Amino acid sequence: MTSYDLQGVRSQLPILNEWTYMNTGTVGIMPDPVFEQLTDIMRHYEQGGHTAQADAVAGAESAKEALAGLLNVASAEIALNRNATDGINLVAATFPLKPGDEVITSTEEHPAMILPLLAACERGGATLRFAEFTPDAEQLRANISQVLTDKTRLIAISHVSCETGTRLPAAALREIVGPEVAILIDASQSVGQFPVSIPELEADFVIGNGHKWLAGPKGSGFAWVSPSSEHLVPPAYVASDSFDPSWTRAYYQTDPAPALKFADGASRYEFGTRMWHLHAGLAASIEYQANLGWDAIFAQVADTSATVKHELAALPGVTVHTPASWEQSSGLVTFSIEGHTGVDLAGTLWNDYRIAQRRVESPSAVRVSCAYFTDDEDISKLAGAVRNIASGI
Ligand SMILES: Cc1ncc(COP(=O)(O)O)c(C=O)c1O
């Protein structure tokens, strides 16, 4: 039993009248009241000209405050941007790497992680190494030890695997890699599913997006940069707010030019006229969920994913690849059916059953997402479809 009105919430998500939506891990769905707030905000910002500018900026600031509350950090440490890829690139673009240096990532990363890291390594003459993703802290130590050397400068890894939904024992990382290696956590698949307290991660950088588990607008993301690690990643793009003092022609347009000094805080990573309305929409979305109750949402994600795993694992020919325990997993559940590729299975679930999910390449499987709106009927439709497919019906 959820403590919020689950059917009331579902009635605010019109797509659920047509489909079984189990793909929040790719993109979340925005409830009607948040969407209406977003369109009101957009109308005001887009039609109000410069007179709406102050409201626009204040709206974006409210997203920083909402995220800061959720993540247990100061809002000045959060930069708003477009998506998780933006946050990864914020680090990869300028993190200091020289020939011979090494970077570690995991075997279950999204291309949004691997490709910017490869580009950073190629630019700096560094090497990218892969440690096997695992939910077990001792195993993680063993896996990372195989690739950790005195040349390792950065470990960049997901909090939750987008492939198997496995949860990394992220709080163990600092002790495993030691104080000298910078840590970048990709929280795209964790924030909004279970409590994430950034200080407990002892990371240098934590990045994420608004459009999945936070049900915010596409084009809203964030990067948290530890104040003590800002010097490692000078902004690749700069503007007025990047520097201290902020722009005046009298100060900066001089000969000789003044020495540049970055401003304190993550606003140094923000520039130009931007998508303030989307960030204000993210604030509205976070507030909507906070009103449902984050603990209730986390409990719903845990309960529904446990039921999905339980029901699917009981079916002949079905393998659940996601760990059974909640502490080692998330709302993502990855499973396969003997004799079916992930691509085929994903196709059948969509074409024949209108169950939205995503195929996984390795293992060849399908991933479903259990979100704050997932209910028993969704689960029985999924279990029924998988039973039929597994038994050749
Ligand atoms: C773990 C992970 N990282 C990064 C991304 C990319 O996210 P975005 O589209 O917000 O850049 C995804 C998207 O699925 C993801 O699952």
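Start by selecting strand β5, residues 152-158, together with β6: the two pair in the parallel sense over five bridges. This is a predicted model, so treat what you see on screen accordingly. Within the pairing, look for alanine 156, which stands opposite leucine 184 in β6.

Now move to the other partner of this strand. β6 and β7 run parallel and are joined by three bridges. Here isoleucine 185 is the residue to pick, with valine 206 of β7 opposite.

Stay on β6 and show its side chains. How many of its residues are buried? Five of its five residues are, and the strand is mostly covered. Ala182, Leu184 and Asp186 point one way, while Ile183 and Ile185 point the other way. In a regular strand, side chains alternate between the two faces of the sheet.

Next, select α4, residues 84-94. This helix is mostly covered, with nine of its 11 residues buried. The buried residues are Ala84, Thr85, Asp86, Gly87, Ile88, Asn89, Leu90, Val91 and Ala92. To see what covers them, add β2 (78-81), α5, β6 (182-186), β7 (205-209) and β8 (221-225), against which the buried residues of α4 pack.

With α4 still on screen, display the ligand. Which residues come nearest to the ligand? Of the 14 residues around it, they are Asn83, Ala84, Thr85, Cys162 and Asn209. The elements that give two or more residues to this shell are α4 and α5 (111-124). Colour the shell by residue type and you should find four nonpolar, nine polar and one charged residue.

Zoom out and colour by domain. The domain assignment of the protein chain gives domain 1 as 6-30 + 293-390 and domain 2 as 34-289. Taken over C-alpha atoms, the centres of domain 1 and domain 2 are separated by 28 Å. Across the boundary, 24 residues of domain 1 are in contact with 23 residues of domain 2. On the domain 1 side, α11 (294-313) and β10 each supply at least two of the touching residues. α11 gives the most to that side, with four residues. The residues on the side of domain 1 that touches domain 2 divide into 12 nonpolar, 11 polar and one charged.

Now find leucine 292, which is in helix α10 (residues 276-292). Is leucine 292 buried or exposed? It counts as buried, because it has 20 C-beta neighbours inside 10 Å. Leaving aside neighbours within four places in sequence, select the residues in contact with leucine 292: Tyr4, Val9, Ile297 and Tyr372. Then draw a distance from leucine 292 to leucine 6: the two are 286 residues apart in sequence, and 9.5 Å apart in space, C-alpha to C-alpha.

For the last stop, select helix α12, residues 342-351, and mark Gly342, Leu345, Ala346 and Leu349, which are buried. Turn the view to look down the axis of α12: its buried residues fall within an arc of 100°, so they line one face of the helix. An α-helix has 3.6 residues a turn, so residues three or four places apart point the same way. Finish by adding the elements that the buried residues of α12 pack against: β10 (332-337), β11 (355-356), β12 (358-360), β13 (365-369) and α13 (376-390).

Key:
Residues numbered from 1 in each chain as written. Predicted model: local features only at pLDDT ≥ 70, side-chain atom pairs only at ≥ 80, totals over all residues. Near = placed C-beta within 6 Å. Nonpolar A, V, L, I, M, F, W, Y, C, P; charged D, E, K, R; others polar. Buried ≥ 20, exposed ≤ 12 C-beta atoms within 10 Å, placed from the backbone. Arc of directions from axis to C-beta. Contact = placed C-beta atoms within 7 Å. Domains from an automatic or database assignment. Pairing = 2+ DSSP bridges.
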